[in-house]
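Student: I keep tripping over the labels people put on protein models. Could we go through one and check where each label comes from?

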Amino acid sequence: MISEKKQIFLDVLLADDDIDDRSFFEKALKEISILTHLVTVNNGEELMNYLANNLEFLPDVVFLDLSMPRKTGYECLIEIKEDEKLKNIPVVMFSTSFTHGIDLEQSLMSTLSNIGAQDYIRKPSDFEQLKQVIKQALLKIIEQGELKNKDKKVD
């Protein structure tokens, strides 16, 4: 497990069409013990435009809502993982509770993983749980050493 004494600074990009979910995510991120800078976009089209226009300053991780207008998270994940300049960005799929049954959700998780998603997280309704799932996802990325700039450590 990574020592929390040696902080790492992460650039986080959140793509989510729900303003309340973006607000809760931002508040949760501020309360966890990992130093971050957050950028948010409102839909998949904005996400892909943002990435295309910021190739020199790509995020360390993208939290990507599965269900968005204009371009779904699923479509964005495929585009990101097929793009040579973007494919190494860890993507955490972030979605509201899946209501079609556990078997379909497991199938969805498997499909997203096969495309290249780092993780799949259900958005919890409880704020403390939200902080924990975000922190766990970020720690997993840090521990797996998937940061684009390994020199971003802050002592």
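Student: How many salt bridges does the structure hold?

Tutor: It holds 10 salt bridges. Keep in mind that this is a predicted model.

Student: What makes Lys123 and Asp16 a salt bridge?

Tutor: Check the distance. The closest N and O atoms of Lys123 and Asp16 are 2.6 Å apart, and the cut-off is within 4 Å, so the pair gets the label. As for where they sit, Lys123 is in the loop between strand 5 and helix 5, Asp16 is in the loop between strand 1 and helix 1, and 107 residues separate them.

Student: Why is Lys123 called buried?

Tutor: Its relative accessibility is 15%. Buried means under 20%, so Lys123 makes the cut. Asp16 gets the label too, with a relative accessible area of 1%.

Student: Which salt bridge partner does Lys30 have, and how far apart are the atoms?

Tutor: Lys30 pairs with Glu26, with the closest N and O atoms 3.7 Å apart. That is within 4 Å, so this one counts as well. Both residues lie in helix 1, 4 residues apart, which is about one turn of the helix.

Student: Is Lys30 buried or exposed?

Tutor: Exposed: its relative accessibility is 65%, and the label needs over 50%. Glu26 has 36%, which falls between the two cut-offs, so Glu26 is called partly exposed.

Student: What about Glu45 and Arg70, how do you know that their side chains meet in a salt bridge?

Tutor: The N to O distance is 3.7 Å, and that is within 4 Å, so they qualify. Glu45 lies in helix 2 and Arg70 in the loop between strand 3 and helix 3, so the pair ties together parts that are 25 residues apart in sequence. Arg70 counts as exposed at 63%, while Glu45 is partly exposed at 35%.

Student: Which residues do salt bridges with shared partners join into one network?

Tutor: Asp16, Asp21, Asp65 and Lys123.

Student: Let's look at Asp65, then. Why is Asp65 called buried?

Tutor: Its relative accessible area is 4%, and buried means under 20%, so the word fits. Asp65 lies in strand 3.

Student: What makes the link between the side chains of Asp65 and Lys123 a polar contact?

Tutor: The contact is 3.3 Å, and the limit is within 3.5 Å, so it passes on distance. Asp65 also touches other residues beyond its sequence neighbours, including Ala15, Gly73 and Phe94.

Student: Why is strand 4 said to be largely enclosed by the rest of the structure?

Tutor: Because 5 of its 5 residues are buried. Val91, Met93 and Ser95 are buried on one side, and Val92 and Phe94 on the other, so both faces are covered. In a regular strand, side chains alternate between the two faces of the sheet.

Student: How do you know that strand 3 and strand 4 pair?

Tutor: Pairing takes at least two bridges, and these strands have 4, in the parallel sense, so they pair. One of the matches is Leu64 with Met93 in strand 4. Between the two strands the chain passes through helix 3, in a right-handed β-α-β crossover.

Student: In what sense do strand 4 and strand 5 pair?

Tutor: Parallel, over 4 bridges. There, Ser95 stands opposite Arg122 in strand 5.

Terms used
Residues are numbered from 1 along each chain as its sequence is written. This is a predicted model: local features need pLDDT of at least 70, side-chain atom pairs count only at pLDDT 80 or more; totals for chains, interfaces and linings use all residues. Side-chain values use heavy atoms; hydrogens and water are left out. Buried means under 20% relative accessible area, exposed over 50%, partly exposed in between (1.4 Å probe, protein chains only). A polar contact is a pair of N or O atoms within 3.5 Å; within protein, one must be able to donate a hydrogen and the other to accept it, and residues adjacent in sequence count only if both atoms are side-chain atoms. Contact means heavy atoms within 4.5 Å. A crossover is right-handed if, with the strands pointing away from the viewer, the path from the first strand over the helix to the second runs clockwise. Lists of a residue's contacts leave out its neighbours within four places in sequence.
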